[in-house]
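Please keep the model open in a viewer with selection by residue number. The stops below each name what to select and then describe what is there.

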Amino acid sequence: MRIYFKSFVVLLMISLTACKSTKKVVSTNDDLASAKIIASHYETHPQFETLAARLKIKYSDPDRTQSVTVSLRMQKDETIWMSASVLGISLAKAMITKDRVQFYEKIDGTYFDGDFKLLSDLLGTELNYEQVEALLLGEPIYDLRNGGFSAGATGTRYLVAPRQQQNLFNLFFYLNAGAFTLQEQRLTQSKEQRDLTIKYADYIKEQNGYFPTAISISAQEENKETRVDIEYKGVDFNTEVSFPFSIPGGLKEIKL
């Protein structure tokens, strides 16, 4: 779990550095049209209080490939809980709330217990609970409704991008032209040959909205690629959920 959760944090960290904008984006669409496209997307988000799901997660980089089954539970806007197992044996757990990040891994005997402020200070940019939750739900990791984004048609999709891009990064969101669901979040850094892509597979109709069936996260740097593929194997909404979590004794704390 430490590998997979760390991957989420690193990939989000890369994308979060695109917040500050200095480079203009040319748009042929007026503000009203952009606002309508963006508003249509937010209408696709499912409405629920709790979620319980089984995930199949595959992590791969040039040196290794690992697969694990994960139980996911969520209290919307409050708590994300994950328990990873192999052959039915629990190996790791993670619990994320708005003010705390905890996870441990039995195999290497380590744990982390901190908060988003610690991670934000370490990374030098803001990281929060809402962005982690959005990634898992097929939602943009930025609020596209704040007036800083423009939208327009490109091929069979709508492209949403900041009205101003950062000098070092270009950030893009691609929406399905028919359903307005999020198909892709992408950040590119051409000079350094870095590319972060988060893709969402088919969606299913759930809770008056649409829920992704799979997520593929790819971080490319020159010729090296790191991937995290997430497949939802079963999802239940608005059922009673619990979040049992305690860090076992004898583990070594990860010092960031």
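Begin by selecting Lys-98, which is partly exposed in this predicted model, with a relative accessible area of 48%. Its salt-bridge partner is Glu-130, and the closest N and O atoms of the two are 3.3 Å apart. Lys-98 sits in the loop between β5 (89-97) and β6 (101-105), while Glu-130 belongs to helix α4, so the salt bridge ties together parts that are 32 residues apart in sequence. Glu-130 is itself partly exposed, at 38% relative accessibility.

Stay in the loop between β5 and β6 and select Arg-100 together with Asp-113, which lies in strand β7 (residues 110-114), 13 residues apart from Arg-100. These two side chains form a salt bridge whose closest N and O atoms are 2.8 Å apart. Arg-100 is partly exposed, with a relative accessible area of 38%, and Asp-113 is also classed as partly exposed, at 26%.

**Strand β5 and Thr-97**

Next, select Thr-97, a residue of strand β5. Is Thr-97 buried or exposed? Its relative accessibility is 16%, and the limit for a buried residue is under 20%, so Thr-97 counts as buried. Its side chain makes a polar contact of 3.0 Å with the side chain of Asp-99. To see what else surrounds Thr-97, display Glu-78, Thr-79, Phe-116 and Tyr-129, with which Thr-97 is in contact once neighbours within four places in sequence are set aside.

**Helix α4**

Tyr-129 leads directly to the next selection, since residues 129-137 make up helix α4. How many of the nine residues of α4 are buried? The helix is mostly covered, with eight of the nine in that class. Among them are Tyr-129, Gln-131, Val-132 and Glu-133, together with Leu-135, Leu-136 and Leu-137. The remaining position to inspect is Glu-130, the partly exposed partner of Lys-98 already visited.

Now examine the two ends of α4. At the N-terminal end, Asn-128 acts as a cap, with a side-chain oxygen 3.2 Å from the backbone nitrogen of Glu-130. Beyond the other end, α4 is followed by Gly-138, whose phi is positive, near 75°.

**Further salt bridges**

Move along the chain to Arg-227 and Asp-229, whose side chains meet in a salt bridge with an N to O distance of 2.8 Å. Arg-227 is partly exposed, its relative accessible area being 27%. Then select Lys-76, Asp-77 and Glu-133, which are joined into one network by salt bridges that share partners. For the whole model, the count of salt bridges comes to twelve.

**The nonpolar cores**

Which residues touch the most other members of the largest nonpolar core? Select Leu-51 and Ile-80, which hold that place in a core of 54 residues. Around Leu-51, apart from residues up to four places away in sequence, display the residues it touches: Leu-72, Arg-73, Met-74, Leu-137, Phe-211, Val-235, Asp-236, Phe-237 and Val-241. One of these, Leu-137, is among the buried residues of α4. A second core is separate and has six residues, including Met-95, Tyr-104, Tyr-111 and Leu-251. In soluble globular proteins, nonpolar side chains tend to be buried together.

**The aromatic pairs**

A search of the whole structure returns eight aromatic pairs. To view one of them, select Phe-211 and Tyr-232: the ring centres are 4.9 Å apart and the planes stand at 75°, so the pair is edge-to-face. Phe-211 is in strand β15 (residues 209-212) and Tyr-232 in strand β17 (residues 224-237), which places them 21 residues apart, and their pairing links distant parts of the chain. Both rings belong to buried residues: the relative accessible area is 0% for Phe-211 and 9% for Tyr-232. Add Phe-48 and Phe-237 to the selection to display the cluster that ring pairs form with Phe-211 and Tyr-232.

**The whole protein**

Finally, return to a view of the complete chain. The secondary structure comprises four helices and 18 strands. Of the 256 residues, 48% are buried. Among contacts with a separation of 6 or more, 54% are between residues 24 or more positions apart. With a surface display switched on, the exposed area is about 13000 Å², of which carbon and sulfur atoms supply 47%.

Methods. Residues are numbered from 1 along each chain as its sequence is written. This is a predicted model: local features need pLDDT of at least 70, side-chain atom pairs count only at pLDDT 80 or more; totals for chains, interfaces and linings use all residues. Side-chain values use heavy atoms; hydrogens and water are left out. Buried means under 20% relative accessible area, exposed over 50%, partly exposed in between (1.4 Å probe, protein chains only). Contact means heavy atoms within 4.5 Å. Accessible areas come from the Shrake-Rupley method with a 1.4 Å probe; for residues, only the protein chains shown count as cover. A polar contact is a pair of N or O atoms within 3.5 Å; within protein, one must be able to donate a hydrogen and the other to accept it, and residues adjacent in sequence count only if both atoms are side-chain atoms. A salt bridge is a side-chain nitrogen of Lys or Arg within 4 Å of a carboxyl oxygen of Asp or Glu. A nonpolar core is a set of buried Ala, Val, Leu, Ile, Met, Phe, Trp, Tyr and Cys residues joined through side-chain atoms within 4.5 Å. Rings of Phe, Tyr and Trp (its six-membered ring) pair if their centres lie within 6.5 Å; planes under 30 degrees apart count as stacked, over 60 as edge-to-face and the rest as tilted.
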